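Q: Got a minute to go through this one with me? I'd like to start with the charged pairs and then wander a bit.

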Amino acid sequence: MKQLITVIAAVLVSTFSYGQWQFSASSGYAIGSAGMKLGERVNASETENSYGSYGEGANVQVRGTYFFNESFGVDLGVGYLHGTDQDVSVVDLPSTEVNAVARARAFGASTSIVYRFTNNIYGRFGALLKLGGKTEAVVYQKSVFSEEEAAAFGVPEGSYSETNYKEDYHGHFPLGLVAALGYKYDLNTNWSLFVEAEYYGISLKRKDSELSEFNTDIVLPDGSVAVSGYYNMDNLPEGVNRKTTYEDSLSNTNTDTSKTLSQKVPYSSFGLNIGITYKLGRSKKE
């Protein structure tokens, strides 16, 4: 037993003696990869599918890397994704206008194996985990009243309802993959710049969604507001739920509109990052 402990201690001392810590910070932009249908764009003449990935957008990352030797290391990183708007529903009809977009606001972490092909070129491959955040939907809807509806509200023809709301979607914690290929340029012994191409492969199964804002105004043809806050968070219209849960299965007799079937949404992306690295110390092998 003592011999085993001695051997393990010797291996650890040897590893850390030749090892090296470095820390990096980067920012970049990614485009969607493996996009899926997110919604539709509708006008009087045609209906068009809208494809995309919520992984598209700007990101910032902070990573720490430990190299066991001159070639192999392990990397742990955390980051934030500020996703771009993705069209979910765009309707342009004489009596109805809808502009609904959704975007990611997500925190994630990754752990990877790092391999240095040369002193300047390296690769990373590992696992990706979404830690928190949300997919935020921002919706605007304008609906022109029919003659009967206008009469019921006591407003002139051409009046309409104008609804704005936000809904936050949350998901189960997913596991994906990350891969990157980069090039670094040494500024001096401790500091270096790098640029890397990075791929994220991940999708998210929805768990629930919840309204964070909701307001409907009754508007006259000239654009002036006749009734402000006709519907609001404390007085939602029939059929609109404050919170919705997503299930893998539902009974055919289910009548609870706050429950619906779950779905997976894409977060995969391919991007380019630029950053800076600080090396704590040179390994003895160097």
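A: Sure. Keep in mind that this is a predicted model. A good place to start is Glu136, whose side chain meets that of Arg103 in a salt bridge, at 2.8 Å from N to O.

Q: Where do Glu136 and Arg103 sit in the fold?

A: Glu136 is in strand S8 and Arg103 is in strand S7, residues 96-116. The two are 33 residues apart in sequence, so the pair ties those parts together. Strand S8 itself covers residues 121-144.

Q: Buried or exposed, those two?

A: Both Glu136 and Arg103 are buried. For Glu136 the relative accessibility is 9%, and it counts as buried because the cut-off is under 20%.

Q: How far is Glu136 from Arg105, going by C-alpha atoms?

A: Their C-alpha atoms are separated by 7.2 Å, with their positions 31 residues apart along the chain.

Q: OK, zooming out: how many salt bridges does the structure hold?

A: It holds 13. One of them is between Lys37 and Glu40, where the closest N and O atoms are 3.1 Å apart. Another joins the side chains of Arg41 and Glu48, at 3.7 Å from N to O.

Q: What about accessibility for Lys37 and Glu40?

A: Lys37 has 45% relative accessibility, so it counts as partly exposed. Glu40 is partly exposed too, with a relative accessible area of 33%.

Q: And for Arg41 and Glu48?

A: Arg41 comes in at 27%, which makes it partly exposed. Glu48 is at 39% and is also partly exposed.

Q: Which residues are joined into one network by salt bridges that share partners?

A: Arg63, Asp75, Arg124, Glu196 and Glu198.

Q: Switching to surface charge. Which residues form the negative patch?

A: Glu147, Glu148, Glu149 and Glu157 make up that surface patch. Glu148 belongs to helix H2, which covers residues 147-153.

Q: Why does Glu148 count as exposed?

A: Its relative accessibility is 57%, and exposed means over 50%.

Q: Now aromatics. How many pairs are there?

A: The count comes to 13 aromatic pairs. One is Tyr66 with Phe68, an edge-to-face pair with 5.4 Å centre to centre and 80 degrees between the planes.

Q: Are those two rings' residues buried or exposed?

A: Tyr66 is buried, at 5% relative accessibility, whereas Phe68 is partly exposed, at 36%.

Q: Got one that links distant parts of the chain?

A: Yes, Trp191 and Tyr278, a tilted pair with 4.8 Å centre to centre and 50 degrees between the planes. Trp191 is in strand S11 (residues 191-201) and Tyr278 in strand S17 (residues 269-279), 87 residues apart. Trp191 is partly exposed, with a relative accessible area of 37%, and Tyr278 is partly exposed as well, at 31%.

Q: Back to Tyr66 and Phe68: which residues form the aromatic cluster with them?

A: Trp21 and Phe23 join Tyr66 and Phe68 in one aromatic cluster.

Q: Last thing: where does Pro174 lie?

A: Pro174 is in the loop between strand S9 (160-171) and strand S10 (175-186). At 10% relative accessibility, Pro174 counts as buried.

Q: And how far apart are Pro174 and Leu129, in sequence and in space?

A: They are 45 residues apart in sequence, and their C-alpha atoms are 6.0 Å apart in space.

Methods
Residues are numbered from 1 along each chain as its sequence is written. This is a predicted model: local features need pLDDT of at least 70, side-chain atom pairs count only at pLDDT 80 or more; totals for chains, interfaces and linings use all residues. Side-chain values use heavy atoms; hydrogens and water are left out. Patches are made of residues with over 30% relative accessible area and no salt bridge: like charges are joined within 9 Å, nonpolar side chains (Val, Leu, Ile, Met, Phe, Trp, Tyr) within 5 Å. Accessible areas come from the Shrake-Rupley method with a 1.4 Å probe; for residues, only the protein chains shown count as cover. A salt bridge is a side-chain nitrogen of Lys or Arg within 4 Å of a carboxyl oxygen of Asp or Glu. Lys and Arg count as positive and Asp and Glu as negative; His and the chain ends are not counted. The place of a charge is taken as NZ of Lys, CZ of Arg, CG of Asp or CD of Glu. Helices (H or I, at least four residues) and strands (E, at least two) are DSSP runs, numbered from the N terminus. Buried means under 20% relative accessible area, exposed over 50%, partly exposed in between (1.4 Å probe, protein chains only). Rings of Phe, Tyr and Trp (its six-membered ring) pair if their centres lie within 6.5 Å; planes under 30 degrees apart count as stacked, over 60 as edge-to-face and the rest as tilted.
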